[in-house]
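Colleague: I would like a close look at one part of this model. Please take the salt bridges and walk me through them.

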Amino acid sequence: MTNIQPTRGGFGLDEVHTQITGRIYQLQVAPALAMRELPVHVEMTYRRSRPLELEMRFRTCGETTSVTWCIGRELLTAGLTTASPEVTDTDQRFTPDIQISTHALPGLDWTLITLSSPSGTAEIGLPTYELIDFIDRTEDIVTPGAEGPLVAEADLVALFDDQGPLW
């Protein structure tokens with residue numbers, strides 16, 4: 001269920017949040033080969049101050065800890081309409097950390113987000129319509145293609161905050 005919460009600042013809408021429930025898929029090899037599904041809660045945040053990325057926080061039911069990934073807004077948007085390019089096993093050095101593809105299933109379209117790290121791979125299925133709704137809300141904050149000046153502004157603020165006075 002989507003629960004979108006906008007946050008306003010001095011310049012209008014600064015960020016938007018949503019919570020989505022999906023499924024995490026685990027391949028189980030012992031004692032027998034099987035696919036296991038667990039519910040997963042996903043909290044998504046988009047900030048005007050970080051216009052190129054979405055923060056996704058994943059937590060399985062009953063867990064108190066979560067895992068956070070930053071995903072490019074453009075990557076998620078593209079994955080909602082086309083599948084990520086197929087990766088061959090010939091050169092694993094270039095395997096993307098994040099792959100996104102949308103699949104039409106009877107009654108509902110699901111988007112599969114595959115996250116890969118040195119500690120393993122997670123495959124998370126989320127309802128596509130909820131992701132599209134969230135992306136639409138991010139575009140109310142920063143229109144696609146207008147991120148450049150905001151990134152430069154955020155980088156300058158971070159630079160001056162880290163360095164202190166220059167005199």
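Is R47 buried, partly exposed or exposed, and what is its relative accessible area?

Modeller: Keep in mind that this is a predicted model. R47 is partly exposed, because its relative accessible area is 26%, and partly exposed covers the range between 20% and 50%.

Now its partners. R47 forms a salt bridge with E15, with the closest N and O atoms 3.7 Å apart. That pair links distant parts of the chain. R47 sits in strand β3 and E15 in strand β2, 32 residues apart. R47 also meets E55 in a salt bridge, at 3.5 Å from N to O. E55 counts as buried, at 17% relative accessibility. So this bridge joins a partly exposed arginine to a buried glutamate.

These contacts belong to a network. E15, R47, E55 and R57 are linked in it by salt bridges.

Another pair is R50 and E53. Their side chains meet in a salt bridge at 3.2 Å, N to O. R50 counts as partly exposed, at 47% relative accessibility. E53 is also partly exposed, at 21%. The full count comes to five salt bridges.

One charged residue makes a useful contrast. E130 lies in helix α2, residues 128–141. E130 is buried yet has no salt bridge. The nearest side chain of opposite charge, R23, is 12 Å away. A salt bridge needs the nitrogen and oxygen within 4 Å. The side chain of E130 does make a polar contact with the side chain of Y129, at 3.2 Å.

Notes. Residues numbered from 1 in each chain as written. Predicted model: local features only at pLDDT ≥ 70, side-chain atom pairs only at ≥ 80, totals over all residues. Heavy atoms only, no water. Helix = DSSP H or I, 4+ residues; strand = E, 2+ residues; numbered from the N terminus. Buried < 20%, exposed > 50% of the residue type's maximum accessible area, 1.4 Å probe, protein only. Lys, Arg positive; Asp, Glu negative; His and termini not counted. Polar contact = N/O pair within 3.5 Å; in protein donor to acceptor, adjacent residues only side chain to side chain.
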